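Here are some worked exercises to try with the structure open beside you. Have a go at each task before you read its solution.

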Amino acid sequence: MAIAAESARPHHTLWGDAFVRLRRNRLAVVGAVLIISLALASIIVPLISPYEFDEQNLNAVLEGPSHAHLLGTDGLGRDVFTRLFYGARTSLAVGIFVQLIVLAIGLPIGALAGYAGGRVDNLLMRFVDIVYAFPDLLLIILIRAILGGSIYMIFLAIGLVAWVNVARLVRGQILTLKQRDFATAARAMGGSGPYITVRHLLPNSLGPIIVLITFGIPRAIFAEAALSYIGIGVKPPTPSWGTMIYNGYQNIFGAPYLVVFPAIAVGILMLAFTFLGDGLRDALDPRERR
Amino acid sequence: MSTLLEVRDLSTHFHTQDGVVKAVEHASYEVDRGEVIALVGESGCGKTVSALSIVRLIQDPPGKIVSGQVNFNGTDLLKLPRQAIRKVRGSQIAMIFQEPMTSLNPVLTIRRQMTEALEIHRGMKSQEALDEAIRLLERVGITEAERRVKDYPHKFSGGMRQRVMMAMAISCQPQLIIADEPTTAVDVTIQAQLLEMLHNITKDLDTAIILITHNLGIVARYARRVYVMYAGRIVETGSAEDVYHDPRHPYTVGLIASVPRLDEPRTARLVPIEGQPPDLIAPPLGCPFHPRCSRVQNQCKEGAYELIEVAPGHYTSCRIAGKD
């Protein structure tokens with residue numbers, strides 16, 4: 001009987017339930033669809049565009065949107081449409097990989113500091129304070145200088161600066177959660193510190209963490225753009241939205257679309273991540289009933 | 001009956017900015033196998049802290065067990081290494097907490113929470129643990145347990161959550177359950193039902209219970225022996241019968257007088273205990289109850305604390321009552 005009931009119903013896990021609830025949230029679905037289609041478009045753009053992202057045509061510089069060039073051309077006669085979708089690759093990759101690095105560093109450090117408390121907490125948090133107190137851009141430039149030039153090193157450099165917020169958030173969450181009755185109950189049941197942290201406390205703090213991460217993605221995209229602008233980001237001719245905006249800035253009066261299109265793209269992507277983040281936060285909270 | 005748990009001279013202090021709070025001072029009590037004892041007293045008298053100290057669940061810092069022994073089946077739990085005390089928690093000594101609404105993790109299903117102890121302590125596989133969880137839920141009176149086990153805690157009422165907590169507590173067939181005001185947060189109509197159920201199940205399993213409560217009605221019905229606590233000390237102990245019908249300590253007398261009784265005319269007014277519980281950082285010298293006591297004499301204001309036997313098996317720390 002128990003077995004029949006088990007197979008008749010979908011398996012209920014935290015993530016399974018969250019997915020069901022996420023699908024009911026229209027804005028979150030819109031956000032997810034936008035992000036996925038942008039990712040897909042950036043993958044298939046070589047198939048649908050007749051131009052290469054680094055193909056210069058000096059006979060057609062700074063042309064406005066036309067049938068030949070849907071979004072016009074930039075100062076070197078490169079097709080903006082093609083570059084925009086190639087740029088999406090860079091931006092999405094920066095946004096997502098940086099946050100993975102942020103999670104990989106911030107989550108364990110925050111959780112350890114929060115649960116262990118005392119001297120461990122003090123030590124880790126003072127280290128976080130030091131990283132936090134350092135000017136972000138300066139630190140990134142410093143790390144870039146040490147790590148060298150590949151695009152992965154950009155991820156790493158931004159990630160090594162951005163994890164402190166997550167560490168602080170996780171620590172705060174764990175600190176309050178471990179005082180809750182269910183944490184005491186889990187200890188009374190015989191759970192060890194790491195077990196309780198991973199099984200009971202972290203799932204309870206997933207909501208705020210995910211929101212912070214989704215808001216961190218556009219911030220990482222902007223950080224990459226700023227780096228590209230001062231010449232230590234993505235190497236030209238590889239396009240990123242940041243480089244495109246900053247390059248277009250030089251011709252903002254003659255060809256405003258050079259700034260407008262990538263800016264719209266950044267805006268839409270940010271909005272999409274925000275919708276998705278809000279949806280995830282609600283979906284991961286089982287108390288939320290719809 | 002053999003002794004299961006012997007708490008000897010237990011003192012637990014909390015170090016705060018204002019000073020050392022002596023939450024439990026030299027408390028001693030015993031629990032036999034399968035026996036129900038009650039710890040009684042008003043809020044803040046050290047009942048919960050003394051019980052949490054048994055399984056070392058006092059947050060350190062600020063709390064610290066400064067002295068005493070907790071002999072459980074002959075081993076001193078206070079001397080066990082951390083790893084070993086974790087094996088005792090949940091499997092041999094289980095706890096039921098006061099607040100069913102917050103004692104379950106809101107983001108995990110009942111199944112995940114119920115199977116935890118089974119998997120940790122009884123080494124069960126997932127499916128096996130699920131079957132056992134359903135069996136346990138049925139035993140504590142959850143209908144449609146097969147379906148409900150997959151629900152989250154917010155879909156359960158307070159009473160049902162407390163049933164779940166009880167099912168979790170008995171899941172490893174512990175020898176001792178510490179029930180910290182298990183029915184205080186539950187509807188009055190459910191209280192008796194829950195306690196009756198817990199009592200029956202534990203009788204079957206031969207599990208002893210430490211019942212922490214301030215409801216003397218519950219005490220009279222279930223507990224064999226009663227320990228009355230005041231200001232971190234045990235001020236009176238004896239069989240439930242003796243303490244209830246022949247209370248010796250003025251504090252116990254006051255506690256009983258402050259509870260409504262069905263067998264007395266409804267016009268009789270309840271008598272509160274005047275004053276506030278003492279400051280545990282600097283408790284009054286002598287008998288800690290003397291500032292509130294109506295029978296206070298000079299000898300109460302000094303001298304050391306000790307329990308005096310006033311009748312066979314009936315002890316009190318009140319010196320005046322001891323001389324009656």
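**Exercise 1. Which residues of α3(B) and α6(B) meet, and how do the two helices cross?**

Step 1. From α3(B), the residues B:I110, B:Q113, B:M114 and B:A117 touch B:V164, B:A167 and B:M168 of α6(B). Residues are in contact here if their C-beta atoms, placed from the backbone, lie within 7 Å. Helices (H or I, at least four residues) and strands (E, at least two) are DSSP runs, numbered from the N terminus.

Step 2. Sort this contact by class: six residues are nonpolar, one is polar and none is charged. Ala, Val, Leu, Ile, Met, Phe, Trp, Tyr, Cys and Pro count as nonpolar, Asp, Glu, Lys and Arg as charged, and the others, Gly among them, as polar.

Step 3. Now the geometry: the axes of α3(B) and α6(B), the latter covering residues 158-170, come within 8 Å and cross at roughly 25 degrees. Axes are lines fitted to C-alpha atoms, for helices over the stretch in contact, and angles run from 0 to 180 degrees between N-to-C directions.

Step 4. α3(B) and α6(B) are therefore roughly parallel to each other. The cut-offs are under 35 degrees for roughly parallel, over 145 for roughly antiparallel and 65 to 115 for roughly perpendicular, with the rest oblique. The crossing of these two helices is right-handed; that is, the near helix is turned clockwise from the far one by less than a right angle, whereas anticlockwise would be left-handed.

A note on reading the model: it is predicted, so local features need pLDDT of at least 70 and side-chain atom pairs count only at pLDDT 80 or more, while totals for chains, interfaces and linings use all residues. Residues are numbered from 1 along each chain as its sequence is written, and chains are lettered from A and ligands numbered from 1 in the order in which they are written.

**Exercise 2. How confident is the predictor in each chain?**

Step 1. Chain A averages a pLDDT of 82, with 92% of its residues at 70 or above; pLDDT is the predictor's confidence in each residue, from 0 to 100. Chain B averages 85, and 98% of its residues score at least 70.

Step 2. Within chain A, confidence is lowest in helix α1 (residues 2-8), at a mean of 40, and highest in helix α5 (residues 118-133), at 91. Residues 1-11 of chain A have a pLDDT below 50, and this stretch makes nine contacts beyond near neighbours in sequence.

Step 3. For the complex, the predictor gives an ipTM of 0.82 and a pTM of 0.79.

**Exercise 3. What are the helices and strands of chain A, and how do some of its helices pack?**

Step 1. Chain A has eleven helices and zero strands. Its C-alpha atoms fill a box of roughly 75 × 50 × 25 Å along the principal axes.

Step 2. α4(A), residues 80-116, packs against α7(A), residues 151-177, at about 40 degrees with the axes 6 Å apart. This crossing is right-handed, and the contact holds 24 nonpolar, four polar and two charged residues.

Step 3. For α9(A) (residues 193-229) and α11(A) (residues 257-283), the axes come within 8 Å and cross at roughly 175 degrees. That makes α9(A) roughly antiparallel to α11(A).

**Exercise 4. In which order do the strands of the two open sheets of chain B lie?**

Step 1. One sheet has four strands in the order β2-β1-β4-β5, with antiparallel pairing; strands pair if DSSP finds at least two bridges between them. β2 (19-32) and β5 (75-76) of chain B each have a single partner strand, so one side of each is left without a neighbour in the sheet.

Step 2. Inside this sheet, eight bridges join β1(B) to β4(B), and B:E6 stands opposite B:N71 in β4(B). Helix α1 (residues 47-54) of chain B packs on the sheet, touching β1, β2 and β4 of chain B.

Step 3. The other sheet has eight strands in the order β6-β7-β8-β3-β9-β10-β12-β11, with mixed pairing. Its edges are β6 (93-96) and β11 (308-311) of chain B, and the twist averages 20 degrees from one strand to the next.

**Exercise 5. How many residues does each chain give to the contact between chains A and B?**

Step 1. Chain B gives 30 residues and chain A gives 21 residues.

Step 2. On the side of chain B, α3(B) gives the most, with four residues. By class, this side has 13 nonpolar, eight polar and nine charged residues.
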